[in-house]
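Got your viewer open? Load the model below and let's take a walk through it, one selection at a time.

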Amino acid sequence: MSTDSGKAERTILAVAAHPDDEILGCGGTLARHAAEGDMVHVMIVAEGATSRNARLEPHGREPALAALRAASSRAAAIIGACEPHLLGLPDNRLDSLPLLDVIRPIEAVVGTVTPEIVYTHHAGDLNVDHRIVHQATVTACRPLPESPVRAIYAFETVSSTEWQSGGDPFRPQRWVNIEPFLSNKRRALEAYVAEISSFPHARSFKAIDALARVRGATAGLKAAECFMVVREVAP
C-alpha cells in the first residue's frame, strides 16, 4: 500500500453513508488492511431504512433497522474490522440536517479512533447522503497541525457513483489489488443480501464482481478497488 508509514500497524477508518456502502466501496481494501495487521474501523452515518417508509419515521421500521445493524456487525467481522460505529442519522435525509450536525459526530469518532487513513464517498455521487458524508468527513478530517489523518481516499459506490450526471466524475487515481480478498468482499456483501439486487442491476453480485475485474484489468491486476485521492501526505 503506497501510504505505508513504516509502522507495523496503522489505524484505518471507512466513513460510509449507509450500511453496505462500506463494503461496496472499499470492502476488499479494508480486508487487505486487516490482513496486513492494520486496525480497521467502520463508521456508518445514516440508519439505512426509514426512507423506505412513506412516513419517514422509525416507527414500524425497527425490525429492518435491527437487521441492518446486525448485518453491519457481521460484515465487519468478515473483513476483520472492529465493531462498527453506527451514528443512526436519518436515512436519505442528511440534507435536512444542519451540516454541523453531521460533522460533529463524525469528528467525535475521528477524535477517538485517530485514523491515519480515511476512506469515504466520492463527492459527486448521485445519492445526496453520499455527497454530504463526503463533505462532512473532509471537514471533520481537515488538516489541522494535530490531525492524525495522513490520507483521505474517495471510493465509488455502485448504483450511485456511475449514475450521477454532471459535476465531478469519478476518475480513478489509486488502484488497490484486492484479488486475494475478493471472496472476503463477496462474503461481507452476503451479510447484506437484502440490499443486493438481481443482475443486470448495478448492485448485484455479478456486476460488483465485474467492476472489480474491470478496475483490476486497467492496471494489470485480476481484481482491484479504485479511489480518488482527496489528500495524501507522503511519509
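Here is a short tour, stop by stop.

Before clicking anything, remember that this is a predicted model. Try colouring by confidence: the protein chain has an average pLDDT of 92, and 91% of the residues score at least 70. Now select residues 1-6, where the pLDDT is below 50. Even so, this stretch has 22 contacts in the model beyond near neighbours in sequence.

Next, pick Leu30 and Tyr119. In the largest nonpolar core, which has 37 residues, these two touch the most other members. To see who else chips in, show β1 (11-16), α1 (21-35), β2 (39-46) and α2 (62-79), then β4 (117-121), β5 (151-155), α5 (182-190) and α6 (205-217): each of them supplies at least two residues. Apart from this core lies another, of 21 residues; Leu89, Val109, Val113 and Ile152 are among them.

Now jump to helix α4, residues 128-140. Which residue caps its N-terminal end? Asn127 does, with a side-chain oxygen 2.8 Å from the backbone nitrogen of Asp129. Get out the distance tool: 13 residues at 1.5 Å a residue should span 18 Å, and the end C-alpha atoms are 18 Å apart, so the two agree. Buried residues of α4 include His130, Ile132, Val133 and His134. The helix's buried residues pack against β1, α1, β2, α3 (99-113), β4 and β7 (224-232).

Last stop: β7. It runs antiparallel to β5, joined by five bridges, and Tyr153 stands opposite Val229. β7 also pairs with β6 (residues 174-177), again antiparallel, over four bridges. Select Val176 there and you'll find its bridge partner in β7, Glu225.

Technical notes:
Residues are numbered from 1 along each chain as its sequence is written. This is a predicted model: local features need pLDDT of at least 70, side-chain atom pairs count only at pLDDT 80 or more; totals for chains, interfaces and linings use all residues. Side-chain values use heavy atoms; hydrogens and water are left out. A nonpolar core is a set of buried Ala, Val, Leu, Ile, Met, Phe, Trp, Tyr and Cys residues joined through side-chain atoms within 4.5 Å. Buried means under 20% relative accessible area, exposed over 50%, partly exposed in between (1.4 Å probe, protein chains only). The expected span of a helix is 1.5 Å times one less than its number of residues. Contact means heavy atoms within 4.5 Å. A polar contact is a pair of N or O atoms within 3.5 Å; within protein, one must be able to donate a hydrogen and the other to accept it, and residues adjacent in sequence count only if both atoms are side-chain atoms. pLDDT is the predictor's confidence in each residue, from 0 to 100. Two strands pair if DSSP finds at least two bridges between them.
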